[in-house]
Amino acid sequence: MDTSTLFSLEGKTALVTGGSRGIGRMIAEGFIAQGAKVYISSRKADVCDAVAKELGPNCISLPQDVSTVDGCKALASSFAEAESKLDILVNNAGAAWGMPFEEFTEAGWDKVMDLNIKSPFFLLQALHNSLKAAASASQPAKVINITSIDGQRLNPWDTYSYQASKSALIYLTKRLAARLVKDQINVTSIAPGAFPSEMNRAARDHAADVSNSIPCGRVGVAEDMAGSAIYLASRAGDYVIGDTITVDGGMVHAALGTGIDA
């Protein structure tokens, strides 16, 4: 048994949506460090271009708004023009919306559900052939959906569509895994807890306070997220199919009490 290359991504090509900041950037940087060529996509072209330049020659900007089915198809088409196959897809682009129950709007519902649950499905559908071109029984292609611990337990905020969408994506991961394993494409998900980002400003701006509610006593750092994604994307994770890895410092599975106020 040789474990020296278990976590290597040498020769692999990845696409990370929402890859210009936050969790998406953490994953992109981790993949690059392990030898992958990484395409990052985000809605803002100038930001996407700047981050790709910052991350070096193995990072390529492919800006696109994937909040619509047409946007998903356009991104898949642009990728296919650049590459003949796709080894790793990370569905990370997402949105959140908070508003009191009595005032919650259809716009807040549709924006979140479209980007968080519909887009991962239709982007995967559009990239199916590119993933199949990379896949084999000995080296399956990988799809990693970024879900959330808010799809696993309640939080105290009025984020109705966000919690519904992340719960749905966890179960959609299982359903897609059951269908795509026959194509040698493994589908999994990562459910992050408190990681500093534009979406999680509390963890970013008030890390000390947030850390008090986390069993291990700190918010997540880039290496925590990159390590989990590298594991699933590499040979090390080839036998993990349909599962969701919770990366949260113990908030879901090691917290005392109800977990509602975590």
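Helices and strands are runs assigned by DSSP, numbered from the N terminus. With that in hand, the tour can open at the first helix of this predicted model. Just after α1, glycine 35 takes a positive phi of about 105°.

Helix α1 itself covers residues 22-33. From its first C-alpha to its last, the 12 residues of α1 reach 17 Å, close to the 16 Å expected at 1.5 Å a residue. The helix is mostly covered, with nine of its 12 residues buried. Among these buried residues are Ile23, Met26, Ile27, Phe31 and Ile32, and the list also includes Arg25.

Before going further, a word on confidence is useful. The chain has a mean pLDDT of 93, and 93% of its residues reach 70 or more. Residues 258-262 are another matter: pLDDT stays under 50 there, and the model has 10 contacts beyond four places in sequence for this stretch.

The strands come next. Seven of them form an open sheet in the order β3-β2-β1-β4-β5-β6-β7, with parallel pairing. At the edges are β3 (59-61) and β7 (244-247), each of which pairs on one side only. On average, neighbouring strands of this sheet are turned by 20° against each other, direction ignored.

Strand β5 is a good place to look at the pairing in detail. On the β4 side, four bridges join β4 to β5, and the two strands run parallel. One pair of bridge partners here is isoleucine 88 and lysine 142, the latter in β5. With β6, strand β5 pairs over six bridges, again in the parallel sense; β5 spans residues 141-146 and β6 spans residues 185-192. Alanine 141 has isoleucine 185 of β6 as its bridge partner.

How enclosed is β5? Six of its six residues are buried, so the strand is largely enclosed by the rest of the structure. The cover extends to both faces: Ala141, Val143 and Asn145 are buried on one side, and Lys142, Ile144 and Ile146 are buried on the other.

Two helices lie across this part of the sheet. Helix α6 (residues 160-180) lies across β5, β6 and β7, and runs at about 165° to β6. Helix α9 (residues 222-233) lies across β4 (88-91), β5, β6 and β7, and its angle to β6 is also about 165°.

The loop between α9 and β7 holds valine 240. This valine is buried, with a relative accessible area of 16%, which falls under the 20% cut-off for that class. Leaving out residues up to four places away in sequence, valine 240 touches Asn186, Thr188, Tyr231 and Leu232. The C-alpha atoms of valine 240 and asparagine 186 are separated by 7.6 Å, although the two residues are 54 residues apart along the chain.

Charged side chains complete the picture. Side chains of opposite charge can pair when their charged atoms come close. In this model the count comes to 10 salt bridges. One of them returns to helix α1, where the side chains of glutamate 29 and arginine 25 meet at 3.3 Å, N to O. The two residues are four apart in the helix, which means that about one helical turn separates them. Glutamate 29 counts as partly exposed at 38% relative accessibility. This pair also belongs to a network of salt bridges that links Arg25, Glu29 and Glu54.

Helix α4 (residues 106-126) offers a pair with the spacing of four residues, again about one helical turn: aspartate 114 and lysine 118. Their closest N and O atoms are 3.7 Å apart in the salt bridge. Aspartate 114 is partly exposed at 28% relative accessibility, and lysine 118 is partly exposed at 34%.

Which parts of the chain does the salt bridge between lysine 37 and glutamate 83 bring together? The side chains of these two residues meet at 2.8 Å, N to O. Lysine 37 lies in strand β2 (residues 37-41) and glutamate 83 in the loop between α3 (69-82) and β4, so the pair ties together parts that are 46 residues apart in sequence. Lysine 37 is partly exposed, with a relative accessible area of 31%, whereas glutamate 83 counts as buried at 15% relative accessibility.

Technical notes: Residues numbered from 1 in each chain as written. Predicted model: local features only at pLDDT ≥ 70, side-chain atom pairs only at ≥ 80, totals over all residues. Heavy atoms only, no water. Pairing = 2+ DSSP bridges. Axes fitted to C-alpha atoms, helices over the stretch in contact; angles between N-to-C directions. Contact = heavy atoms within 4.5 Å. Salt bridge = Lys/Arg side-chain N within 4 Å of Asp/Glu carboxyl O. Buried < 20%, exposed > 50% of the residue type's maximum accessible area, 1.4 Å probe, protein only. Expected span 1.5 Å × (residues − 1). pLDDT = per-residue confidence, 0-100.
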